Each structure stands twice: as structure tokens, then as C-alpha cells.
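The report below is meant for someone meeting this structure for the first time, and it moves from the inside of the chain to its surface.

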Amino acid sequence: MTASRTTRRHPRNRNRTRARARTGRTAAVRALALAVCLTLTALATGCRDETAPAWDYPRLAATLNALSTALAQGCATPDPAHCADRLDRLDTLARRAVTEVLDHRLLDQACLDAESDVRRARTLRLAATITARSPAQARSPAPARSPQDPRRLALAQAVAAEQAAYRRLLAALEKVRTTPPPGAETGPS
């Protein structure tokens, strides 16, 4: 009688063994189902990574961002003479951006027209700066004091025109930077 007890398995142990085997199979099926779901999700979203494409030109983007920031912060005061000094500093950033566009061979007619507008507006502003100084003020660095002075108004208009020209140049360069080259992939494969 004792011998039969030792050879007989307890029903609870047998269920545990089956449960473990089922758990192992269930875990494998669950892992496979999870892998299939992740694969389908990746395929549905296009398997795209969120990095910029190779044609996005990150150095040009940084230069255009600096140009945009300098243009926005350039005329914090209403004094056109102060704005004129800030616009002189913008020229360096604009030249660097145009040089980078030329390096990547991205220049188009809109960029050329915008750069021509900047040069023309700069010439007019420099002429207005010279005429805004009367002979007595030519010896002193102080700007004209009267806001109604026609020379000061001409300088303010020339500064506003140059700022608008820089904005057009910035928009043209940004458009050229973000336009993909012919044959580049723009969407998911």
C-alpha cells in the first residue's frame, strides 16, 4: 500500500506542470503577437525616423535662424540711426547664408531678386543716412532730434525698406533650403 502511494503523482503537481508548459507557450505566443503588432505599427506609420533628411542643410538652417533672430531683434528702439547700425551687422549673416546656398548649388531666381533688393535698399539707406545729417551734425555723432525732420523720415523709410528686403531674402533662402532636390524621397518608402 505504501508502494502505490509513492508512484502515484499528486493531481496538484500534474496541473502545475501543465500550467508551466502552457505559460511558456502562452508567453511565446504573446511575444510573437507583440512583435507582429509593433511591426504593423511601424509599417502603418511609414517606418520614418524623426531626423532631418540629408538635403535639409543644417548649417544653412542655423545661419538662417541666426539671421532671422538678428533681424527680429535689430530694431528694438524706434531710432532709425540705431536700426541702421544693426542692419550693417545683418549683412555679414546674409552674405554667409548666400554663400552656403551657392556652396550647395541651390540658388534660384527668387534668391537673386531678393539679394538684389537688399543691395538696392542698403544703398538707399546709406544715402539717406548721409543726407539725414545736416552740416552741423556731420561733426557730431548725434542724430537729428526732431521726429518730423524730413531727412529723419527718409532715413526711417529707408531702414524699413531694407528690413523688408532682408525679410524677403530670408523667405527666399528658407524656401530654397526646405525644397527637396529633384529625385529625393520625401515620404515613406
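In this predicted model, the largest nonpolar core has 31 residues, and those with the most contacts inside it are Leu60, Tyr166, Leu169 and Leu173. Two or more residues of this core are given by each of helix H3 (58–73), H4, H5 and helix H6 (150–178), and the largest share, 10 residues, comes from H6. Leu173 shows what such contacts look like: leaving aside its neighbours within four places in sequence, Leu173 is in contact with Leu64, Ala97, Val98, Val101 and Cys111.

The chain as a whole gives the setting for this core. Its secondary structure comes to six helices and zero strands, so that, read from the N terminus on, the elements run α-α-α-α-α-α. The table gathers some values for the whole chain.

| Property of the chain | Value |
|---|---|
| Residues counted as buried | 25% of 189 residues |
| Contacts joining residues at least 24 apart, among those between residues at least 6 apart in sequence | 79% |
| Exposed area | about 13400 Å² |
| Part of the exposed area supplied by carbon and sulfur atoms | 58% |

Helix H4 (80–103) can be followed in more detail. At 1.5 Å a residue, the 24 residues of H4 should span 34 Å, and this agrees with the model, because the end C-alpha atoms of H4 are 34 Å apart. Among the buried residues of H4 are Pro80, Cys83, Ala84, Leu87, Leu90, Asp91, Leu93 and Ala94, and further along the helix Ala97, Val98, Glu100 and Val101. In an α-helix there are 3.6 residues a turn, so residues three or four places apart point the same way. The buried residues of H4 pack against H3, H5 and H6, and three residues buried in H4, namely Ala97, Val98 and Val101, are among those in contact with Leu173.

Beyond the end of this helix, the description turns to the loop and the surface. Just after H4, Arg105 takes a positive phi of about 55°. Leu107 has its place in the loop between helix H4 and helix H5 (109–132). Is Leu107 buried, partly exposed or exposed? Leu107 counts as partly exposed, because its relative accessibility is 30%, whereas buried would require under 20% and exposed over 50%. Together with Leu102 and Leu112, Leu107 forms a nonpolar patch on the surface, and the three residues have about 230 Å² of accessible area together.

Technical notes. Residues are numbered from 1 along each chain as its sequence is written. This is a predicted model: local features need pLDDT of at least 70, side-chain atom pairs count only at pLDDT 80 or more; totals for chains, interfaces and linings use all residues. Side-chain values use heavy atoms; hydrogens and water are left out. Patches are made of residues with over 30% relative accessible area and no salt bridge: like charges are joined within 9 Å, nonpolar side chains (Val, Leu, Ile, Met, Phe, Trp, Tyr) within 5 Å. Accessible areas come from the Shrake-Rupley method with a 1.4 Å probe; for residues, only the protein chains shown count as cover. A salt bridge is a side-chain nitrogen of Lys or Arg within 4 Å of a carboxyl oxygen of Asp or Glu. Helices (H or I, at least four residues) and strands (E, at least two) are DSSP runs, numbered from the N terminus. Buried means under 20% relative accessible area, exposed over 50%, partly exposed in between (1.4 Å probe, protein chains only). A nonpolar core is a set of buried Ala, Val, Leu, Ile, Met, Phe, Trp, Tyr and Cys residues joined through side-chain atoms within 4.5 Å. Contact means heavy atoms within 4.5 Å. The expected span of a helix is 1.5 Å times one less than its number of residues.
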